[in-house]
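Biologist: Could you take me through one part of this protein slowly? I'd love a close look at the surroundings of the ligand, and then a quick tour of anything else worth a glance.

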Amino acid sequence: MKNIFCRNKILQTSVPHTAPSDAHRSISKKDVPLIELRDIYKIYHMGDMDVHASDGLSLKIYRGEFVSIVGKSGSGKSTIMNIIGALDIPTSGQYILGGQDVSTMKDDQLAEVRNKTIGFIFQQYNLLPKQNLLENVELPLVYAGVGKKEREQRALKSLEKVGLGDKWRYFPLQLSGGQQQRVSIARALVGNPSLILADEPTGALDSRTSRDVLDFLKQLHDEGNTIVIITHDSSIALEAERVVRIQDGNITFDGSADEYGVIILTCNLKHPEQQDALLSYDAWHYYRRCVRDYSCQPHGKHDGLYF
Ligand SMILES: Nc1ncnc2c1ncn2[C@@H]1O[C@H](COP(=O)(O)OP(=O)(O)O)[C@@H](O)[C@H]1O
Ligand SMILES: [Mg+2]
């Protein structure tokens, strides 16, 4: 028998359509969100079919939050990342970023918002191979019109922050994948952005290097940065403090990482073929934490694991 959980809150938290709620955060509702998506639609016309890549999605993210946006391939993550990152505008709906309405901006205004407000981290690092590390990290400041001397000082400081200050003369391809991702983090940080937006930041890295990058993002969060990670990997998503799951262009879960951990583990236990996922990574640790925080009393034995 696989029905392992009993008399606990798991059933409540595993209701898939959890309404977006501010309750799990200590942030006062009076605070103004840094990001506010209001009823966002992005519709692509494919022949005589309409694809609702974003289907009336609403979301608020406050300053200082660490949020992962998770969902399967095709669920609408990139669509929403492009809108949050001011890389694209919605078909309809409103996007307010730091008090500015981004949803109706023209391309040059969007570029300015991106440059001043957002630090991007991409899966493939997007570093320029013929520029050294300092020049790569300086780039957002070049676009922002910062003078050469200040640019170099700030870029060097940013490289020092990610532990690569002594390698500023190197070129990206002389570094490991993890180091290159750290350079891209340094580039994301150099303009003091209000928001760090990471699209599958560990997608090209092995698990140990992923861990380092995640630890670094956590450190940035502890220092007060607002971080949004897009990922299809639940174990990465759980590293944030809040998880937003997207399916068919809308939100099907919005809650704390602990709540999300309970859901994943419940699913894993119901589907023993995913046992590897349960045993891997920090799943067991999350399980323990969920048990503690939700006072649930799971019991039973499952493939050698006692609950
Ligand atoms: N430029 C586009 N033209 C047509 N359909 C698109 C376009 N971009 C995305 N889509 C569709 O929108 C849906 C969501 O895509 P996407 O946001 O890329 O999902 P994800 O990043 O979660 O994989 C998918 O069905 C995808 O095929
Ligand atoms: Mg995508």
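Modeller: Here is a walk around ligand 1, followed by a pair of helices and the overall picture. Keep in mind that this is a predicted model.

Let's start with the shell around ligand 1. Tyr 44, Met 46, Val 51, Ala 53, Gly 71, Ser 73, Gly 74, Ser 75, Gly 76, Lys 77, Ser 78 and Thr 79 surround the ligand. If you sort that shell by character, you get seven polar residues, four nonpolar ones and one charged. Where do they come from? Strands β1 (35-46) and β2 (49-61) and helix α2 (77-84) each give at least two residues to the shell. Helix α2 has the largest share, with three residues.

Now hop over to two helices that pack together. In general, you describe such a pair by the angle between the axes and the distance between them. For α4 (residues 133-143) and α6 (residues 177-189), the axes come within 7 Å and cross at roughly 35°. The crossing of α4 past α6 is right-handed. On the α4 side, Leu 133, Asn 136, Val 137, Leu 139 and Pro 140 make the contact, while α6 brings Val 183, Ala 186 and Arg 187. Six of these contact residues are nonpolar, one is polar and one is charged.

Finally, zoom out. The protein has 11 helices and 12 strands, and 38% of its 307 residues count as buried. Among contacts with a separation of 6 or more, 69% link residues 24 or more positions apart.

Key
Residues numbered from 1 in each chain as written. Chains lettered and ligands numbered in written order. Predicted model: local features only at pLDDT ≥ 70, side-chain atom pairs only at ≥ 80, totals over all residues. Axes fitted to C-alpha atoms, helices over the stretch in contact; angles between N-to-C directions. Helix = DSSP H or I, 4+ residues; strand = E, 2+ residues; numbered from the N terminus. Left-handed = near helix turned anticlockwise from the far one by under 90°. Contact = placed C-beta atoms within 7 Å. Nonpolar A, V, L, I, M, F, W, Y, C, P; charged D, E, K, R; others polar. Near = placed C-beta within 6 Å. Buried ≥ 20, exposed ≤ 12 C-beta atoms within 10 Å, placed from the backbone.
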